[in-house]
Amino acid sequence: MSEVLKIFDIKHKNKDSRARTGTVHLPHGDVRTPVFMPVGTNATVKAMPKDFLEEIDFDIILANTYHLFLRPGPDLIKEAGGLHGFSQWKKNFLTDSGGFQVFSLSKLRKITDEGVRFQSHIDGSYHMFTPENVVQTQTKFNSDIQMQLDVCSGWGVERKEAERALKITSDWLLRAKGEWEKQREAGYEGMLFPIVQGNFFEDLRQKSAEFVSSLDMPGIAIGGLSVGEPPAEFTKYLNYTVQYLPEDKPKYVMGIGTPEYILDAVQAGIDMFDCVLPTRNARNGSYFTRRGMLSIKQERWIHDFGPIDPECNCKVCRTYSRSYLRHLFKEQEILSSILASYHNLYFLNNMLKEIRVAIDEDRFEEYRKEFLEKFHTGV
């Protein structure tokens with residue numbers, strides 16, 4: 001299988017940091033990196049028709065295994081032609097394993113060596129996730145990248161708990177890999193990414209990173225970060241982990257979506273990241289701008305007929321005023337969520353395009369400094 005494992009080409013490495021540009025080759029097209037991936041929990045990015053995502057120029061979006069497993073179920077999605085046939089989004093899907101949602105949403109869960117038994121947050125029904133059936137579920141989705149089932153441990157847990165979570169995650173990875181290889185032999189074309197764990201213990205992180213690297217998987221996800229720790233700890237442990245991972249694999253950090261975190265991740269050599277933040281913020285009336293976050297609910301925008309961000313070229317900024325967008329938000333119009341989501345996703349995707357150009361021109365550090373200085377001035 002070794003010939004299918006090479007899915008990543010590095011285009012250019014920035015001279016002053018680990019930042020690099022590249023291309024991930026996937027079944028539904030190439031993905032330009034570094035890349036921000038919008039989160040489409042239920043096979044839809046909230047308030048965003050797939051045509052808008054195509055217009056903004058995304059190559060890949062996320063869907064959530066836990067939610068889709070419960071409703072509408074993997075068999076129906078398979079019958080519809082996988083996630084691509086079901087949603088009509090014809091580019092790539094990355095699906096998470098559902099592990100994080102089991103640990104955060106489930107009223108009741110029991111982790112054993114076999115897997116995790118949990119209770120649905122929808123109707124209280126009981127289900128079991130194992131490393132094998134999670135791979136089978138994501139195969140039915142026809143995910144372009146699927147994630148292994150892992151055990152998440154939060155910020156501040158005892159070492160003993162972190163050790164147990166890492167041992168189970170490592171054992172589950174071997175089982176997931178075996179099942180994925182079976183599915184590949186049966187014609188499935190998607191990739192499986194393992195997940196580095198180890199919480200905030202350097203030796204456990206190193207052990208996990210070295211174990212994951214030894215398996216020669218198509219790409220690698222770095223887990224157990226962005227779980228409530230201070231930003232400085234995130235950056236420290238991200239950089240610490242990356243040094244033990246192979247240069248030639250695409251690296252993915254889950255759950256980061258602010259410009260500060262994205263720029264830190266790119267600086268550390270991360271190629272892929274995702275977050276619900278841009279669309280969640282949008283539904284709460286919070287817009288990204290070059291000068292920081294803009295809260296549209298504030299009274300000072302009542303008579304402001306200028307765009308959300310004068311430097312943004314998205315169709316929302318070209319068409320609508322702050323005054324009108326404030327009105328939509330205050331009246332709880334559905335259009336408010338649609339337009340704010342469009343703008344925020346456009347803003348981040350455009351930022352990533354600028355980052356890729358800056359890396360290729362060996363001026364990423366300069367771009368990062370200038371962007372953050374301006375972003376922190378305030379609207």
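Reader: Why is Cys314 called buried?

Author: In this predicted model, Cys314 has a relative accessible area of 1%, and because the word buried is used for values under 20%, Cys314 is counted as buried.

Reader: Where is Cys314 placed, and which residues is Cys314 in contact with, leaving aside its neighbours within four places in sequence?

Author: Cys314 lies in the loop between strand 17 and helix 12, and, once its neighbours within four places in sequence are left aside, Cys314 is in contact with Tyr342, His343 and Tyr346.

Reader: What makes Cys312 buried, and where is Cys312 found?

Author: The relative accessible area of Cys312 is 12%, and the limit for buried is under 20%, so Cys312 is buried. Cys312 is found in the loop between strand 17 (292-295) and helix 12 (315-319), and, not counting residues up to four places away in sequence, Cys312 touches Cys317, His343 and Tyr346.

Reader: Which residues does the UniProt annotation "binding site" that includes Cys312 cover, and how do you know that they gather at one spot?

Author: According to the unreviewed UniProt entry, this "binding site" annotation covers Cys312, Cys314, Cys317 and His343. They span 32 residues in sequence, but no two of their C-alpha atoms are more than 8.6 Å apart, and therefore they gather at one spot.

Reader: Which residues does UniProt list for the "binding site" that includes Gly98, and which of these residues does the lining of the largest pocket include?

Author: The unreviewed UniProt entry lists Asp96, Ser97, Gly98, Gly99, Phe100, Asp150, Gln197 and Gly224. Of these residues, the lining of the largest pocket includes Asp96, Ser97, Gly98, Gly99, Phe100, Asp150, Gln197 and Gly224.

Reader: Why is Gly98 called buried, and what surrounds Gly98 in the chain and in space?

Author: Gly98 has a relative accessible area of 0%, and because buried means under 20%, Gly98 is classed as buried. Gly98 is found in the loop between strand 6 (92-95) and helix 5 (99-105), and, leaving aside its neighbours within four places in sequence, Gly98 is in contact with Thr65, Tyr66 and Phe129.

Reader: How do you know that Asp150 is buried, and which residues does Asp150 touch, not counting residues up to four places away in sequence?

Author: With a relative accessible area of 5%, Asp150 meets the requirement of under 20%, so Asp150 is buried. Asp150 is found in the loop between strand 10 (145-147) and helix 7 (159-185), and, not counting residues up to four places away in sequence, Asp150 touches Ser97, Gly99, Phe103, Thr169, Trp172, Ile195 and Gln197.

Conventions: Residues numbered from 1 in each chain as written. Predicted model: local features only at pLDDT ≥ 70, side-chain atom pairs only at ≥ 80, totals over all residues. Heavy atoms only, no water. UniProt positions renumbered as here; feature names shortened; annotations may be inferred. Helix = DSSP H or I, 4+ residues; strand = E, 2+ residues; numbered from the N terminus. Buried < 20%, exposed > 50% of the residue type's maximum accessible area, 1.4 Å probe, protein only. Contact = heavy atoms within 4.5 Å. 1 Å grid on protein atoms, 1.4 Å probe; cavity = no way out; pocket = protein on both sides within 12 Å on 5 of 7 lines; lining within 4 Å.
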